[in-house]
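Biologist: I have the two-chain model open and would like to go through the reasoning behind its labels. Shall we start with the polar contacts across the interface?

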Protein chains: 2
Amino acid sequence: MKLGIVGYGNLGKGIECAIRQNDDMELAAVFTRRDPETVSILTEGVPVYPAEKAVEMKDQIDVLILCGGSATDLPEQTKEYAKYFNVVDSFDTHARIPEHFANVDAAAKENGNIALISAGWDPGMFSLNRLYGNAILPEGKDYTFWGKGVSQGHSDAIRRVEGVADGKQYTVPVESALEAVRSGSNPDLSTREKHTRECFVVAEEGADKDKITETIKNMPNYFSDYDTTVNFITEEELQKNHSGIPHGGFVIRSGKTGWEKENTHIVEYRLKLDSNPEFTASVIVAYARAIFAMKQDGMTGCKTVFDVAPAYLSPLSGEELRATLL
Amino acid sequence: MKLGIVGYGNLGKGIECAIRQNDDMELAAVFTRRDPETVSILTEGVPVYPAEKAVEMKDQIDVLILCGGSATDLPEQTKEYAKYFNVVDSFDTHARIPEHFANVDAAAKENGNIALISAGWDPGMFSLNRLYGNAILPEGKDYTFWGKGVSQGHSDAIRRVEGVADGKQYTVPVESALEAVRSGSNPDLSTREKHTRECFVVAEEGADKDKITETIKNMPNYFSDYDTTVNFITEEELQKNHSGIPHGGFVIRSGKTGWEKENTHIVEYRLKLDSNPEFTASVIVAYARAIFAMKQDGMTGCKTVFDVAPAYLSPLSGEELRATLL
């Protein structure tokens, strides 16, 4: 199958790498809003075109992967491209998913295409585990922990503080809270009890570090509800020790069974990711394979990970899957 | 939806309890090969019938749950009942799944029914996690660990040893092996390195305990490939401390991404179950809901967990799922 990529940032590059790891896939083209001359990709012989050119290539691309941001790009792009292509995006603004789904569904159905929105790990693999957990253990409680990992939004917030030259923020799950959940005691956990926030900050020369620390710790929405630590380091240290984009987390379902609900079960799904965008890309690419096969089975319209039978994700046949992985 | 149960052992009782936890389900009848007069179930007002009577009730049961054993019951029962009912079983003889699938598929298709085989946690939820892990991280390695939990087969093997009055065996994953896998080092692990076996044995009066220990530790297939410990306890201690049927385990996918495969990702799925049969029953009941809905969508024939889009498992609508769990 032939894939196209719209947007060549961290995620787009991750898609390119993931395609290389799947023998049944080929990268057909990368589309960018930048000057294509300035965009150098890794795959030899694959063209980079201006975004406007994508529609001309609609017959040469089986699935188009949209790698824009959820704030402004995807709400416009996915519904537009779904008129011409089978598409996958990683739309992650949870509150706006219903609206996005409706828009994309209408565009895809009207044109006989299939679309999958919100692929990745949260939304995505974490959502799947919430669903499986709730369906299997209807009487129970859900817990989602994030980290340890870099939060782009919180890192951006740090960098906007006066006197800050650069910075990175890690979201860290609290180990004792995780253990309490794993014990089956179904604790009620406040925001502060679930996660801490670790900041690594490069201050501008002569900046007031105490003031920076106070400003970060008291920042509403971002930090004030958490126990936050602020560490000042050099730009060199930041580059050397904090240039990766690791992330991960835990989805835990704790539930009861038995006539008197006497038995407790803990279902835990954990991700430990060296590269958030590359793992997200790997999920997206598997779902691109899935929707292409679903389209061949006659399905159209907008889907989410909830609508995809797992077998569609694999290049193996049903027989092979039953013989090797069941 | 109305469910029937064939076979009222630990699993059948677990199904009965699980049905009670799902508002959209009702137990219609229990069928047994024993004298129905001797079988006392928990749900008031639900009849217990001889197994032969099941077919007469085919229009009053939406899905029939088959709770027999995989060795001899299910290979005969599932394909037979699939002629008259939508059915779910927990067939767990991995090597014979392809043959069982083919038999059940033919019977179900011919009669316009739908069947789901091998529901539970392994096969079942563990299989799903192997599939998702392989599809997302095609270059990597799978690890499955079982326990800590009671192995019925190994407990039976202990009890057949001369001089043993009673006994229970726990399969225990080796913590250092788990940690090595979680580190991303992709270790090659021998059988002995992955699990240990803990036996709790009640000896008959005057029995030679050293001989029992040696016989157990050297038993081929069951114990000789493992580090096994044998603890002698009283029947009272066995009843008090070892009467539960806990189990669980881990499925871990360790994979690489990136242009030069420079990034490592660990996906870990863990179950910690107080009651193996009740959790298995909870999975089965969710899949009963799923296949009943799939049948209404026009699907027939034999399915496995790989073929079921996750949304079918939930009583919630697509809109509700997207708004609450995605």
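Modeller: Gladly. This is a predicted model, and between chain A and chain B there are 29 residue pairs in polar contact, with both residues at pLDDT 80 or more.

Biologist: What makes a pair count as a polar contact?

Modeller: A pair of N or O atoms has to lie within 3.5 Å, and within protein one must be able to donate a hydrogen and the other to accept it. The 29 residue pairs between chain A and chain B pass that test.

Biologist: Which parts of chain A touch chain B?

Modeller: Several elements of chain A each supply at least two residues, among them helix H1 (10-20), helix H10 (276-296) and strand E13 (263-273). The largest share, 11 residues, comes from E13(A). By class, that side of chain A has 35 nonpolar, 18 polar and 18 charged residues.

Biologist: How many salt bridges are there between chain A and chain B?

Modeller: The count there is zero, although the structure holds 40 salt bridges over all chains.

Biologist: Why is the pair Arg289(A) and Asp24(A) called a salt bridge?

Modeller: The cut-off is 4 Å between a side-chain nitrogen of Lys or Arg and a carboxyl oxygen of Asp or Glu. Arg289(A) and Asp24(A) meet at 2.8 Å, N to O, so the pair qualifies. Arg289(A) lies in helix H10 and Asp24(A) in the loop between H1 and strand E2 (26-32), so this pair ties together parts of chain A that are 265 residues apart in sequence.

Biologist: What makes E13(A) and E13(B) a strand pair?

Modeller: Pairing asks for at least two bridges. E13(A) and E13(B) have nine, in the antiparallel sense, so they count as paired. As one example, Leu273(A) has His265(B) as its bridge partner.

Biologist: How do you know that the copies are related as by a two-fold rotation axis?

Modeller: A turn of 180° with a shift of 0.0 Å along the axis lays chain A on chain B with an RMSD of 0.0 Å. The copies are thus related as by a two-fold rotation axis. Ala309(A) is the residue of chain A that comes closest to that axis, with its C-alpha at 1.9 Å.

Biologist: And why say that the copies meet through the same surface?

Modeller: Because 100% of the interface residues of chain A are also interface residues in chain B. The contact takes 71 residues from chain A and 71 residues from chain B.

Notes:
Residues numbered from 1 in each chain as written. Chains lettered and ligands numbered in written order. Predicted model: local features only at pLDDT ≥ 70, side-chain atom pairs only at ≥ 80, totals over all residues. Heavy atoms only, no water. Contact = heavy atoms within 4.5 Å. Polar contact = N/O pair within 3.5 Å; in protein donor to acceptor, adjacent residues only side chain to side chain. Helix = DSSP H or I, 4+ residues; strand = E, 2+ residues; numbered from the N terminus. Nonpolar A, V, L, I, M, F, W, Y, C, P; charged D, E, K, R; others polar. Least-squares fit on C-alpha atoms with pLDDT ≥ 70 in both.
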